[in-house]
Structure formats: C-alpha cells, structure tokens
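Q: I'm new to looking at protein models. Could you walk me through how to read one?

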Amino acid sequence: MSRISGNLQAVLRSIALAAHQARREPADVALLAVSKTWSAEDIVEAARAGQRAFGENYEQEAVQKKEEVCRLAPDIPLEWHFIGPIQSNKTRAIAAHFDWVHTVDREKIARRLSEQRPAHLPPLNVCLQVNISHQGTKNGVAPEGVLALANAVSALPRLRLRGLMAIPAPEDDEEKQRAPFQQLKQCYTLLREKGFRLDTLSMGMSADMVPAIREGATIVRIGTAIFGARNHDDT
Ligand SMILES: *Cc1c(COP(=O)(O)O)cnc(C)c1O
C-alpha cells in the first residue's frame with residue numbers, strides 16, 4: 001500500500017472512531033483532503049485510493065493542478081473546494097473551477113462569485129468563514145455579522161449557502177480546542193432557527209479534528225495527516 005493511501009485509511013479510521021464516540025454516524029463527517037503544495041500525482045494517488053473531495057488555497061496552483069489531474073485520471077470525477085483567502089481579482093477563476101468555496105466573508109466577494117459563476121454549472125456551494133476566536137487569521141466575518149451576510153448570500157441566484165467554516169487559533173489542549181467549535185456550532189444553530197437551510201459545518205484540521213467532530217463538524221479539512229508535513233507552509 002502506498003504512503004498516501006495508508007495515511008488516508010488511518011484518517012478515515014480516526015474519523016469513524018471520533019464519530020462513534022460522539023454518537024454520530026461516520027458517514028455524516030466528510031473528509032476534505034487538503035492538497036495545497038502537493039503535486040497532481042499525489043492527488044491522483046489519493047483519488048485512486050478512493051478520495052473524491054480536494055481542498056486548495058491558491059487559485060493559480062489549483063487550476064494548474066486540476067488540469068493535470070484531469071489528464072492523468074480523466075475517469076475519476078473529483079470535487080474541488082476552495083479554502084483560501086479570496087481577493088476580488090480571483091473570483092472569476094474560483095467561480096469557474098470550484099464546486100465549493102468555504103471562505104466567503106464579505107458581501108462584495110459573494111456578489112462577484114454569483115455574477116461570475118458560469119451558466120452551464122450548478123450554483124456554487126458556499127460556506128461563510130466566521131472569525132470565531134478573534135485571533136490568528138484576520139479573515140472571516142465577525143460572529144455579529146454572520147446573520148446579515150447570510151441574508152445577503154442567500155439572495156444571490158448563483159450561490160447556494162450550505163453552512164459555516166472556521167479556522168480557530170491553534171491550541172494544544174483539547175478542552176481549549178473545543179470552545180471555538182462550540183461557538184461556531186451555536187452560530188450555525190441560530191441561523192437554522194432563523195430558517196436558513198444549512199447542512200455544513202466545515203471545521204477541524206489534522207491537529208484538532210477529534211474535538212471538531214465531537215462538536216458537530218460535517219466536513220473536516222485534513223492535509224498533513226494525509227500527505228505529510230508541508231515544507232513551505234504560509235497559511
Ligand atoms: C492547510 C489548511 C488545512 C489543513 O491543515 P492540516 O493541519 O495540514 O491538516 C485546513 N484548512 C485550511 C483552511 C487550510 O489552509
């Protein structure tokens with residue numbers, strides 16, 4: 001078995017275990033393989049081992065790799081998720097090349113993505129990035145602004161609002177890791193009570209996947225535990 005497929009199976013086992021411990025169905029926690037900085041060959045290896053959803057942070061890198069992956073493995077249908085910060089001048093490419101965007105945090109970007117989503121594609125699946133712990137990254141809408149942004153995004157014809165996403169500041173302690181995930185879940189529950197039909201909580205990475213699943217993650221975004229440590233990591 002290759003290194004990547006071995007890692008992939010270990011991650012799927014950890015997800016299943018964490019789900020069971022949280023009395024949840026393992027099938028309700030989807031694995032997004034974060035392939036930023038890794039090659040098209042690595043992605044194909046994961047795809048041949050059964051992985052279908054891939055997350056990328058940099059639009060140019062992603063578009064190039066996606067074309068190469070299509071050449072190498074035209075038989076495998078993959079799903080592409082954009083999980084990096086979004087500059088306005090990148091929205092056209094993102095709207096054309098991705099199935100999901102997890103990092104919508106302002107109305108202007110949402111409007112551009114909706115306007116630029118090509119007509120032959122289904123609406124773009126969108127999560128709102130929430131700045132839950134007010135530290136680490138400065139990206140994300142403040143919790144107080146989530147409702148207004150959700151209203152704006154759900155009015156856009158070419159976007160489909162699916163849920164919320166967060167990247168909490170790193171913590172070693174599992175108790176400290178839980179708090180921001182609980183807060184994101186509260187935001188999510190509140191929006192659902194207001195009538196938004198959300199089904200996605202994108203939270204949890206290699207180092208904090210278990211507490212995220214315990215608090216209700218429906219997508220975990222895992223890079224290092226599948227592909228290995230990145231050697232130039234600037235995110
Ligand atoms: C890089 C990245 C991940 C994956 O992080 P790992 O610690 O390698 O699992 C998840 N989400 C986002 C937004 C990222 O940028």
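**Helices first**

A: Sure, and keep in mind that this is a predicted model. Helices α1 and α2 are oblique to each other.

Q: How do people describe two packed helices?

A: They use the angle between the two axes and the distance between those axes. Here, the axes of α1 (residues 3-21) and α2 cross at roughly 55 degrees and come within 9 Å. The crossing of α1 and α2 is right-handed.

Q: At what angle do α2 and α3 pack?

A: At about 50 degrees, with 9 Å between their axes; α2 covers residues 40-48 and α3 covers residues 59-72. That angle makes α2 oblique to α3. The crossing of α2 and α3 is right-handed.

Q: Now the ligand. Which residues come nearest to it?

A: There are 14 residues around the ligand, and K36, N57, S206, T224 and R230 come nearest. You can also sort that shell by residue type: six are nonpolar, five polar and three charged.

Q: Where does a side chain of K36 or R230 put a polar atom relative to the ligand?

A: For K36, an N or O atom of the side chain is 2.7 Å from an oxygen atom of the ligand. For R230, a polar side-chain atom lies 2.8 Å from a ligand oxygen.

Q: How much of the ligand does the protein bury?

A: Taken alone, the ligand exposes 390 Å², and the protein buries 92% of that.

Q: What about the backbone of G223?

A: A polar backbone atom of G223 is 2.9 Å from an oxygen atom of the ligand.

Conventions: Residues are numbered from 1 along each chain as its sequence is written. This is a predicted model: local features need pLDDT of at least 70, side-chain atom pairs count only at pLDDT 80 or more; totals for chains, interfaces and linings use all residues. Side-chain values use heavy atoms; hydrogens and water are left out. A residue is near a molecule or strand if one of its heavy atoms lies within 4 Å of it. A polar contact is a pair of N or O atoms within 3.5 Å; within protein, one must be able to donate a hydrogen and the other to accept it, and residues adjacent in sequence count only if both atoms are side-chain atoms. Accessible areas come from the Shrake-Rupley method with a 1.4 Å probe; for residues, only the protein chains shown count as cover. Ala, Val, Leu, Ile, Met, Phe, Trp, Tyr, Cys and Pro count as nonpolar, Asp, Glu, Lys and Arg as charged, and the others, Gly among them, as polar. Axes are lines fitted to C-alpha atoms, for helices over the stretch in contact, and angles run from 0 to 180 degrees between N-to-C directions. Helices (H or I, at least four residues) and strands (E, at least two) are DSSP runs, numbered from the N terminus. Angles under 35 degrees count as roughly parallel, over 145 as roughly antiparallel, 65 to 115 as roughly perpendicular and the rest as oblique. A crossing is left-handed if the near helix is turned anticlockwise from the far one by less than a right angle, and right-handed if clockwise.
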